[in-house]
Amino acid sequence: MDVLLDNLDLYIGGFAGTIGLFVVAAIGSLLLGTLVAGMRVSPVPALRAFGTGYVTILRNTPLTLVLFFFAFAYPRLELVQLSFFALASVGLILYTAAFVCEVVRSGINTVPVGQAEASRALGFTFTQTLGQVVLPQAVRATVPPMTNIQIALLKNTTIASGFSVFQAGGIYQNLSERGYNVLVGLLWVALIFVILVAPLTWMQRRLDARWGVAR
């Protein structure tokens with residue numbers, strides 16, 4: 001307990017960074033992943049090819065390599081200058097969006113084809129059909145896997161500590177410099193992560209149970 005109380009500033013600052021990174025990356029990856037999923041089921045061959053290529057490349061690229069690119073290679077391109085936090089957020093968004101895309105696409109596939117055919121017969125465009133008919137029904141099927149992806153994202157934020165982004169993953173380095181027991185410090189980090197994950201798991205069970213009855 002002394003390790004936690006004596007270094008409360010580290011834990012508060014570290015987990016504030018983790019939560020901030022998680023929130024930004026979660027929202028960004030949901031939006032981008034849904035957009036790419038729309039491309040993957042689009043009637044336009046070029047969009048389908050782009051979506052497939054995006055998912056194939058990002059899902060098979062280690063997250064560490066993605067963050068390494070944004071931390072060290074991107075600044076050399078002399079484009080828009082971004083903070084390490086912003087670069088880490090972009091890397092996490094691009095990486096996680098590939099997994100979100102597949103979950104959303106799987107949810108879309110659970111919606112009966114007749115729903116889309118009926119909407120097209122009524123004169124709906126592809127975008128209207130997807131946004132107003134298919135996606136609202138697909139959401140129910142995506143809750144369990146989507147929650148698992150968000151939990152994985154929360155834990156993946158710790159990798160950003162290796163690229164100058166101070167959050168929970170970098171607490172142990174500061175504890176070591178201060179002369180505290182790093183192992184005990186990491187146990188506290190693990191416990192706090194369990195506490196952060198608990199609400200996501202609870203929400204998943206509640207929504208799955210509620211919508212499962214509705215189905």
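The accessible surface of the chain comes to about 11,800 Å², and carbon and sulfur atoms account for 66% of that area. The model is predicted, and every value in this text was computed from it. Of the 215 residues in the chain, 40% are buried.

The fold is built from helices: the chain has nine helices and zero strands. Read along the sequence, the pattern is accordingly α-α-α-α-α-α-α-α-α. Contacts reach across the sequence. Among those between residues at least 6 apart, 78% join residues at least 24 apart.

The interior can be described through its nonpolar core. In soluble globular proteins, nonpolar side chains tend to be buried together. In this chain the largest nonpolar core has 43 residues, and the residues with the most contacts inside it are Phe22, Tyr54, Leu92, Val104, Ile108 and Leu153. Two or more core residues come from each of helix H2 (8-40), helix H3 (45-59), helix H4 (63-73), helix H5 (84-110), helix H7 (126-156) and helix H9 (182-214). The largest contribution is that of H5, which supplies 12 residues.

Leu92 serves as an example of the packing around one of these core residues. Leaving aside residues up to four places away in sequence, Leu92 touches Leu21, Ala25, Leu63, Leu67, Leu153, Asn156 and Thr157. Leu153 is thus both a partner of Leu92 and itself listed among the residues with the most contacts inside the core.

Aromatic side chains form five pairs in the structure. In one of them, Tyr95 and Phe99, the ring centres are 5.2 Å apart and the planes stand at 55 degrees, so the pair is classed as tilted. Tyr95 and Phe99 lie four residues apart in helix H5, so about one helical turn separates them. The two residues fall into separate accessibility classes. Tyr95 has 15% relative accessibility and therefore counts as buried, whereas Phe99, with a relative accessible area of 24%, is partly exposed. The cut-off that matters here is 20%, because buried means under 20% relative accessible area.

Ring pairs also link Phe69, Phe70 and Tyr74 into a cluster. Phe69 is found in helix H4 and counts as partly exposed because its relative accessibility is 37%. Besides its place in the aromatic cluster, Phe69 helps to make a nonpolar surface patch of about 460 Å², together with Leu77, Leu79, Val80 and Leu82.

Key
Residues numbered from 1 in each chain as written. Predicted model: local features only at pLDDT ≥ 70, side-chain atom pairs only at ≥ 80, totals over all residues. Heavy atoms only, no water. Buried < 20%, exposed > 50% of the residue type's maximum accessible area, 1.4 Å probe, protein only. Contact = heavy atoms within 4.5 Å. Areas by Shrake-Rupley, 256 points an atom, 1.4 Å probe, with all protein chains shown as cover. Core = buried A, V, L, I, M, F, W, Y, C linked by side-chain atoms within 4.5 Å. Patch = residues over 30% accessible without salt bridge, like charges linked within 9 Å, V, L, I, M, F, W, Y side chains within 5 Å. Salt bridge = Lys/Arg side-chain N within 4 Å of Asp/Glu carboxyl O. Phe/Tyr/Trp six-rings, centres within 6.5 Å; stacked < 30°, edge-to-face > 60°.
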